[in-house]
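Work through the following exercises with the sequence and the structure open beside you. Try each task before you read its solution.

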Amino acid sequence: MHEEEVEVRIGTQVIPKIDSFKYLWSIIQDNVEIDEDVTHRIGAGWMRWRLASGVLFDKNVLPGLKSKFYRVVVRPTMLYAAECWPVKKSHVQKMKVVEMRMLRWMCRHTRKDKIMNEVIMDKVGVESVEDKLRESRLRWFGHVKRRDIDAPVRRCEGLSTTG
């Protein structure tokens, strides 16, 4: 099936066709991919990280408080609207890498210290970003399953059991 090009106008002004746009803090792409949105969310997470660096790098702040601050401020920024993402392994891997960089910096460790990711995550007290992605998708699935049959429907592209 071939899509016909449609020219959209407001008055005499022609509105150009674009491949992606920002809507409610998410990037919507015309090809149903989420690469730009994942990159945008990671960038937003780094912005929160930089804003919170005074707390996260302070030696006088207890590790448990740093961990809670990370879980409440930084991670939700990165995972905003993730319940509707048609996630690929490459997206999950990007998120894992970013999260581990943040957690290592928070613990004042580098990769040269050769401390395994699991040890760092246990020390900080966070679950893997992969588990949090799965949890948010399952929570959304539960909401959809429990909804009234006559309730309005919000479509999530790519929400499947194979993701």
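**Exercise 1.** Determine how far apart the closest N and O atoms are in the salt bridge between glutamate 7 and arginine 9, and classify glutamate 7 as buried or exposed.

*Solution.* Begin with the term itself: a salt bridge is a side-chain nitrogen of Lys or Arg within 4 Å of a carboxyl oxygen of Asp or Glu. In the pair of glutamate 7 and arginine 9, the closest N and O atoms are 2.8 Å apart. Next, apply the accessibility classes, in which buried means under 20% relative accessible area, exposed over 50%, and partly exposed in between (1.4 Å probe, protein chains only). Glutamate 7 has 52% relative accessibility and so counts as exposed, whereas arginine 9, at 48%, counts as partly exposed. Keep in mind that this is a predicted model, in which local features need pLDDT of at least 70 and side-chain atom pairs count only at pLDDT 80 or more, while totals for chains, interfaces and linings use all residues. Residues are numbered from 1 along each chain as its sequence is written, and side-chain values use heavy atoms, with hydrogens and water left out.

**Exercise 2.** Find out which helices are tied together by the salt bridge of glutamate 99 and arginine 75, and which are tied together by that of lysine 96 and glutamate 130.

*Solution.* Helices are DSSP runs (H or I, at least four residues), numbered from the N terminus. For the first pair, the closest N and O atoms of glutamate 99 and arginine 75 are 2.5 Å apart. Because glutamate 99 lies in helix α3 and arginine 75 in helix α2, this pair ties together parts that are 24 residues apart in sequence. Glutamate 99 is buried, at 1% relative accessibility, and arginine 75 is buried as well, at 4%.

For the second pair, lysine 96 and glutamate 130 have their closest N and O atoms 3.2 Å apart. Lysine 96 belongs to helix α3 and glutamate 130 to helix α5, so the parts tied together are 34 residues apart in sequence. Lysine 96 is partly exposed, with a relative accessible area of 30%, and glutamate 130 is also partly exposed, at 29%. As a last step, place this pair in its setting: Lys96, Glu130, Asp131 and Arg134 are linked in a network of salt bridges, and a search of the whole structure finds seven salt bridges.

**Exercise 3.** Locate histidine 109, and decide whether it counts as buried or exposed.

*Solution.* Histidine 109 is found in the loop between α3 and α4. Its relative accessibility is 17%, so histidine 109 counts as buried. Its side chain is joined to that of aspartate 113 by a polar contact of 3.4 Å; a polar contact is a pair of N or O atoms within 3.5 Å, where, within protein, one must be able to donate a hydrogen and the other to accept it, and residues adjacent in sequence count only if both atoms are side-chain atoms. If residues up to four places away in sequence are not counted, histidine 109 touches Arg104, Ile115, Ile120 and Lys123, where contact means heavy atoms within 4.5 Å.

**Exercise 4.** State how many residues the largest nonpolar core has, and name the element that gives its largest share.

*Solution.* A nonpolar core is a set of buried Ala, Val, Leu, Ile, Met, Phe, Trp, Tyr and Cys residues joined through side-chain atoms within 4.5 Å. The largest one has 28 residues, and Trp49, Tyr70 and Trp85 are among those with the most contacts inside it. Its largest share, eight residues, comes from α3.

Definitions and conventions:
Helix = DSSP H or I, 4+ residues; strand = E, 2+ residues; numbered from the N terminus.
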